[in-house]
Amino acid sequence: MDDAPVSGIGRFFRIVTRGRSYLNVAYLLLAFPLGILYFVALVTGVSLGLGLIVIVVGVPILVGTLLLVRLFVGWERAIATGMLGVRFPDPQPREAPAGLLDRLRALLTDTATWKGLAYLFIKFPLGIASFTVVATLFAVALAFLTAPLTYNLLSIQIVGLWVVDSMSEAVGLSLLGLVVAVGALHACKWLAWASGRLARALLG
């Protein structure tokens, strides 16, 4: 029956059947290359703009960098909505500034511009951390899962205490790898949830 209670073990393993689990993993892995892209683009734009500001050329470069921030923020909102299910509040309608200077003033005084810039810079270290955690967890799980195929070829030692040198031990380690893999999906779920909360706070 659909309403039958699910045991704790059932709840633990049920995450494997949910498509959102794999979107969480993909989002966390994608954060690494996107974080690098944002960091390189923004650092280049800001440093180049400030370096050339004395000959006026730096001003349009800085403005262009802020417009690029808006573009990146739009990407991040779309990714967070599509992959994490984050719902952002609808923007309040405002009258578009008429002149170029008014548009520039609106861009510079809009808190969304600076919150978006902060988020994009934060994305770089968060992307590195997310990628490291996800890659490490699943690498360990994969090594354990494939133990029955590799224990004869590799010297498998667990924390220097358990040496896997028989098929029965390798099968036991493989079962442990299954638990580690499912636990990794749960860890990714909470990391993705925290990432979604941060995106909603800074990009909403």
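At what angle do α2 and helix α5 (residues 111-145) pack, and how far apart are their axes? In this predicted model, the angle comes to about 140°, and the axes lie 7 Å apart. Since only angles over 145 degrees count as roughly antiparallel, α2 ends up oblique to α5. As for handedness, the crossing of α2 and α5 is left-handed.

The residues behind this contact can be read off helix by helix. On the α2 side they are Val25, Tyr27, Leu28, Leu29, Ala31, Phe32, Gly35, Ile36, Tyr38, Phe39, Leu42 and Val43. On the α5 side, the list runs Leu117, Tyr119, Leu120, Phe121, Lys123, Phe124, Gly127, Ile128, Ser130, Phe131, Val134 and Phe138. Sorted by class, the contact of α2 with α5 breaks down into 20 nonpolar residues, three polar ones and one charged.

Helix α2 (residues 19-51) has another packing partner in helix α3 (residues 58-84). Here the angle is about 175°, and the axes sit 10 Å apart. With that angle, α2 is roughly antiparallel to α3. Nonpolar residues turn up in this contact too: α2 and α3 bring together 22 of them, along with six polar and two charged residues.

Between α2 and α3 comes a loop, and Val56 is found there. What is the phi of Val56? The value is positive, at about 70°, even though Val56 is not a glycine. As a rule, most residues other than glycine have a negative phi. Is Val56 buried or exposed? Its relative accessible area is 58%, and exposed means over 50%, so Val56 counts as exposed.

Stepping back to the whole protein chain, the secondary structure adds up to seven helices and two strands. Reading from the N terminus, the order is α-α-α-α-α-α-β-β-α, which puts the two strands just ahead of the last helix. The protein chain has 204 residues, and 30% of them count as buried. Its accessible surface is about 12400 Å², with 72% of that belonging to carbon and sulfur atoms.

How do the contacts spread along the sequence of the protein chain? Taking contacts between residues at least 6 apart in sequence, 74% join residues at least 24 apart. The contact of α2 with α5 pairs residues such as Val25 and Leu42 on one helix with a set that includes Leu117 and Phe138 on the other.

Methods: Residues are numbered from 1 along each chain as its sequence is written. This is a predicted model: local features need pLDDT of at least 70, side-chain atom pairs count only at pLDDT 80 or more; totals for chains, interfaces and linings use all residues. Side-chain values use heavy atoms; hydrogens and water are left out. Helices (H or I, at least four residues) and strands (E, at least two) are DSSP runs, numbered from the N terminus. Buried means under 20% relative accessible area, exposed over 50%, partly exposed in between (1.4 Å probe, protein chains only). Contact means heavy atoms within 4.5 Å. Accessible areas come from the Shrake-Rupley method with a 1.4 Å probe; for residues, only the protein chains shown count as cover. Axes are lines fitted to C-alpha atoms, for helices over the stretch in contact, and angles run from 0 to 180 degrees between N-to-C directions. Angles under 35 degrees count as roughly parallel, over 145 as roughly antiparallel, 65 to 115 as roughly perpendicular and the rest as oblique. Ala, Val, Leu, Ile, Met, Phe, Trp, Tyr, Cys and Pro count as nonpolar, Asp, Glu, Lys and Arg as charged, and the others, Gly among them, as polar. A crossing is left-handed if the near helix is turned anticlockwise from the far one by less than a right angle, and right-handed if clockwise.
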